[in-house]
Amino acid sequence: MGNAERGSAGTRSAGTAPPLLEVEGLSIRLPADRAARPILDGVSLNVAAGETVGLVGESGSGKSVACRSVLGLLPDGARVEGQVRVRGRDVLTLDRPGLRELRSRQVAMVFQDPRAAVNPLRRIGDFLTEGLRAAGTPAERATARALELLDAVGIPDPRGALRRHPHEFSGGMLQRVVIAAALAGEPELLIADEPTTALDVTTQAEVIAVLTRLQAERGTGLLFVTHDLELAAAVCDRIHVMYAGRIVETRATGDLFAHPRHPYTAGLLACTPRIDPDAPAPRPVPGRPLSLAEAPPGCAFAPRCAFAEPRCSAEPPALRPSGDGLAACLRADEGILP
Ligand SMILES: Nc1ncnc2c1ncn2[C@@H]1O[C@H](COP(=O)(O)OP(=O)(O)OP(=O)(O)O)[C@@H](O)[C@H]1O
Ligand SMILES: [Mg+2]
């Protein structure tokens, strides 16, 4: 779908504007009595206008914590190093009014479970217009905008929908409403944290189509979190693979699928089921992800890695250039993967 060139044409991102999202060396640590290793460890990633960047990895790898940090939301008691910049402004040092402005105008997030994102007792119309009205939009204009957004995300009878409550919508329709709400402030950056995990496959495809179409029309940057690699391949321009709080591989989507360099990425690809009858049966990555209580001295993936050597357990490998991307594996350039 979108790429940086197409997205920046005709949008707010003038050639001289600072980059949309830059996360640089972000580390988030809980106090030592609550965790042995950082939740995030030196995470760096960028999203340009119109670009879709994927974040994939097993449960607990830190994807949601990374997303929430872009909104300035950090775990209680966490120590933070590094920077998160949106259009050049450091999110982690913003005061309350600055954060409010960031969240109402620049960055919006679509969460995994639409029912958790809405108040069940309030009408959809109030949910959609509250942000606009709080930002000073007159009630009539806010309603007109809500109707436009509901139409854009494919809700039939938008006027009737405004009067309904969340329980009167199916999961897929409610997720469209949540996406409409996220788009209300015309954010430059949309963070979608597993936006379709709770949906059936056909609804998932429709919701993704809505997201990608709106993105192409508006040049929105999209940070897309999923543990579904097939979905990431269909949606993302570039993918970051996370493992135990670190980015272990970064590559353009086609290259990542054709030539993964990190054994963990290859493992994730091998356990993705394929429809093709000649495709090999999916093979799960052996072992289990690292908990926060475990802090091995070397590569966090080494205990599960078929290619690990003694040196892999000595110190964590740096993320460095490998092919046209980056990989954090001492053996990335040895051609060990088939
Ligand atoms: N507010 C918090 N306080 C303490 N620990 C947290 C907090 N939020 C997340 N964690 C821990 O940080 C780690 C990463 O969590 P995160 O939710 O980012 O994982 P994830 O990659 O999004 O996983 P999933 O695919 O299951 O959504 C987990 O071990 C989690 O328990
Ligand atoms: Mg998550």
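These legends walk through close-up views of a ligand site, two pockets and two cavities in a predicted model.

The model is predicted, so local features need pLDDT of at least 70 and side-chain atom pairs count only at pLDDT 80 or more, while totals for chains, interfaces and linings use all residues. Residues are numbered from 1 along each chain as its sequence is written, chains are lettered from A and ligands numbered from 1 in written order, and side-chain values use heavy atoms, with hydrogens and water left out.

**View 1. Ligand 1 and the residues around it.** The shell holds 15 residues, with Ser 59, Gly 60, Lys 63, Ser 64 and Val 65 the closest; a residue is near if one of its heavy atoms lies within 4 Å. By class it splits evenly into five nonpolar, five polar and five charged residues. Here Ala, Val, Leu, Ile, Met, Phe, Trp, Tyr, Cys and Pro count as nonpolar, Asp, Glu, Lys and Arg as charged, and the others, Gly among them, as polar.

**View 2. Polar contacts to ligand 1.** A polar contact is a pair of N or O atoms within 3.5 Å. A backbone N or O atom of Gly 60 sits 2.8 Å from a ligand oxygen, and one of Gly 62 sits 3.0 Å from a ligand oxygen. Lys 63 joins in through its side chain, where an N or O atom is 2.8 Å from an oxygen of ligand 1. On its own, ligand 1 exposes 640 Å², and the protein buries 68% of that (accessible areas by the Shrake-Rupley method, 1.4 Å probe).

**View 3. The largest pocket.** Expect about 740 Å³ of volume here, meaning the space filled by probe spheres set on grid points joined across faces, edges and corners. The grid has 1 Å spacing over the protein atoms alone; a pocket is an open set of points with protein on both sides within 12 Å along at least five of seven lines, a cavity is a set where a 1.4 Å probe fits but cannot get out, and lining residues have an atom within 4 Å of a point. Of the 28 lining residues, Arg 103, Ser 104, Gly 131, Ala 181 and Ala 182 lie nearest the centre. Helix H3 (96-106), strand S6 (107-110), helix H5 (124-134) and helix H8 (171-183) each supply at least two of them, and H3 gives the most, with eight. Helices (H or I, at least four residues) and strands (E, at least two) are DSSP runs numbered from the N terminus. The lining has 18 nonpolar, four polar and six charged residues.

**View 4. The second largest pocket.** This one has a volume of about 510 Å³. Its lining runs to 23 residues, and Ala 266, Gly 267, Ala 270, Arg 283 and Pro 338 lie nearest the centre. Helix H12 (residues 263-270) gives the most, with five residues. By class there are 18 nonpolar, two polar and three charged residues.

**View 5. The largest cavity.** The count comes to three cavities of 30 Å³ or more, and about 110 Å³ of space lies in the largest. Among its 16 lining residues, Cys 299, Cys 305, Cys 312, Cys 329 and Leu 330 lie nearest the centre. The lining has 13 nonpolar, one polar and two charged residues.

**View 6. The second largest cavity.** About 50 Å³ of space lies here, lined by residues including Ile 179, Leu 183, Gln 215 and Thr 220. H8 and helix H9 (201-218) each supply at least two lining residues, with H9 giving the largest share, three. The lining divides into six nonpolar, two polar and no charged residues.

Note on methods. Polar contact = N/O pair within 3.5 Å; in protein donor to acceptor, adjacent residues only side chain to side chain.
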